[in-house]
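Me: I am new to this one and would like to know what lies behind the terms used for it. Could you show it to me before I ask?

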Amino acid sequence: MSTTPVDSTVTGLANPYEDLEAQLRGYAIKPADPAYDEARAVYNGMIDRHPAVIVRCADAADVVACVRFARQHSLEVAVRGGGHNAGGLGVWDGALVIDLSLMRGTTVDPANHVVRVDGGCLWKDVDHATVPFGMAAPAGTVASTGVGGLALGGGVGHLTRRYGLTVDNLLSADVVLADGSLVTADTEHHPDLFWALRGGGGNFGVVTSFRFRCHDVGENGIVIAGPVFYDIADIGDVMRWYREFLPAQPRELNGWIGIARVPSIPLFPEEIHDRRVCMIIWSYTGPHADAERVLAPVRGFGNPLLVGLQNMPFTALQSLFDPLVPAGLQWYWKADFVTELSDEAIEIHRKYGEAIPTELSTMHMYPISGAAQEVPTGDTAFAYRGGGWAGVIGGIDPDPANAQLISDWAKVYWEELHPTSAGGAYINFIMDEGPERVRASYLENFERLARVKAQYDPDNVFHINQNIPPAAD
Ligand SMILES: Cc1cc2nc3c(=O)[nH]c(=O)nc-3n(C[C@H](O)[C@H](O)[C@H](O)COP(=O)(O)OP(=O)(O)OC[C@H]3O[C@@H](n4cnc5c(N)ncnc54)[C@H](O)[C@@H]3O)c2cc1C
């Protein structure tokens with residue numbers, strides 16, 4: 001990422017942001033303000049960046065004012081949605097941060113199964129709006145994640161097999177472009193931009209509003225879900241069974257698999273606290289009359305330490321893990337797409353599963369199969385449509401003193417595992433891995449993305465992201 005020098009005509013003034021502030025319905029937070037440290041903090045406690053100014057925008061007009069001001073004064077622009085990005089791409093040293101956290105309104109249209117969502121919403125805002133009507137927009141697995149970053153990168157979660165990725169359910173987006181104009185992109189208007197937004201991340205502009213298609217989940221929003229834990233010693237049998245079993249099941253059943261240590265919380269029996277496990281988080285969102293038939297093999301396989309499946313509102317499933325991972329922990333992520341869960345890979349998972357360094361460190365593999373696999377690679381910017389999983393290794397711990405320990409574990413685990421992968425990685429699961437990894441994540445879609453970038457952001461104003469440089473003429 002390039003660093004643009006800050007214009008001295010801005011920095012030399014007593015309040016260089018006076019002109020900008022006069023245009024805002026929201027407000028600006030500057031380094032001397034008491035709120036600055038709280039405002040520059042993001043979800044990953046490893047990130048410690050000092051923006052020039054953080055503008056809490058109230059509406060699209062505020063966003064336009066920020067983009068124009070930043071360009072006029074040669075300030076770099078960072079865009080903050082939910083602030084969850086592992087690499088902390090919502091904030092940047094010396095940048096003007098367009099902070100969307102005040103923009104969290106939703107409008108639900110139950111009759112047409114559509115929800116309109118402001119650009120700064122978290123997924124819990126969306127679930128709150130839709131689940132009382134028995135429906136949801138496909139999202140991820142943690143409710144405090146921002147809609148903006150997750151949706152623009154792809155969006156894998158509990159509903160992927162049944163209803164596709166989040167991008168597969170995007171109907172339209174209102175976008176402030178690099179020239180300060182505001183457009184609506186959908187299949188008929190700015191179709192290239194709409195294509196690029198569905199997986200291309202924050203490269204193309206600031207999305208101030210998303211419209212998503214919603215789908216029925218469970219019965220009146222009640223689903224059957226929860227974890228099944230197996231001792232790590234059983235990981236070979238479990239993963240070999242799972243890789244054959246899941247693709248043959250109805251799409252109402254989703255199950256993502258991983259390794260973890262059982263959290264030492266009252267929710268789980270004390271005798272399994274801190275046990276190293278292979279876990280599958282199952283969710284069944286279909287008709288309840290069929291649930292027992294579908295779930296019987298899930299409950300019955302192997303020698304589980306715990307079968308935690310139960311009825312719950314879809315909102316509870318979406319927020320199941322939120323209490324375990326509050327903001328401010330140390331996170332180090334490495335990721336890959338995985339087409340085949342090979343025997344060789346399983347042995348590597350066993351090795352690093354036995355050596356998980358801290359209680360929260362983990363590895364997850366989220367299926368990108370079923371409905372998500374049916375969408376041709378060229379239909380959206382999100383490219384890995386060949387089935388398989390989005391895998392992520394997360395070294396996680398509250399204590400900054402363990403930052404090296406968790407990073408080292410994730411790095412060596414990934415280095416050994418990477419040759420068994422499909423090559424690229426889900427851009428929302430990587431930190432700063434350089435341009436070649438970004439290119440690899442888009443396969444043959446990369447060149448088209450670079451062309452759309454050249455059309456909509458030729459000066460690469462929006463480059464604090466997994467950057468796609470504009471194609472040369
Ligand atoms: C605990 C946790 C669980 C997660 N689980 C899942 C999961 O289950 N499935 C999944 O797919 N991902 C998951 N993720 C990854 C998540 O998708 C990414 O971290 C994503 O970048 C978060 O988006 P955000 O808006 O919160 O982040 P931010 O840090 O605010 O932004 C991330 C990037 O998106 C851009 N951006 C954000 N909002 C906008 C907008 N409105 N317009 C333009 N650009 C924008 C930013 O500029 C930045 O480049 C998880 C992350 C965490 C930390």
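Here are a few questions about the ligand and its surroundings, with replies.

Reply: This is a predicted model, where local features need pLDDT of at least 70, side-chain atom pairs count only at pLDDT 80 or more, and totals for chains, interfaces and linings use all residues. Residues are numbered from 1 along each chain as its sequence is written, and side-chain values use heavy atoms, with hydrogens and water left out.

Me: What makes the pair between the ligand and Val207 a polar contact?

Reply: A polar contact here is a pair of N or O atoms within 3.5 Å. A ligand nitrogen sits 2.9 Å from a polar backbone atom of Val207, so the pair qualifies. Asn85 also offers a polar backbone atom, 3.1 Å from a ligand oxygen, and for Leu150 a backbone N or O atom is 3.4 Å from an oxygen of the ligand.

Me: How do you know how much of the ligand the protein buries?

Reply: Accessible areas come from the Shrake-Rupley method with a 1.4 Å probe. Alone, the ligand exposes 950 Å², and the protein buries 97% of that.

Me: Why is Tyr426 counted among the residues around the ligand?

Reply: A residue is near a molecule if one of its heavy atoms lies within 4 Å of it. There are 34 residues around the ligand, and Tyr426 is one of those that come nearest, along with Val79, Gly81, Gly83 and Val156; Tyr426 therefore meets the cut-off.

Me: Which element gives the largest share of that shell?

Reply: That is α6, with four residues.

How values were computed
A polar contact is a pair of N or O atoms within 3.5 Å; within protein, one must be able to donate a hydrogen and the other to accept it, and residues adjacent in sequence count only if both atoms are side-chain atoms. Helices (H or I, at least four residues) and strands (E, at least two) are DSSP runs, numbered from the N terminus.
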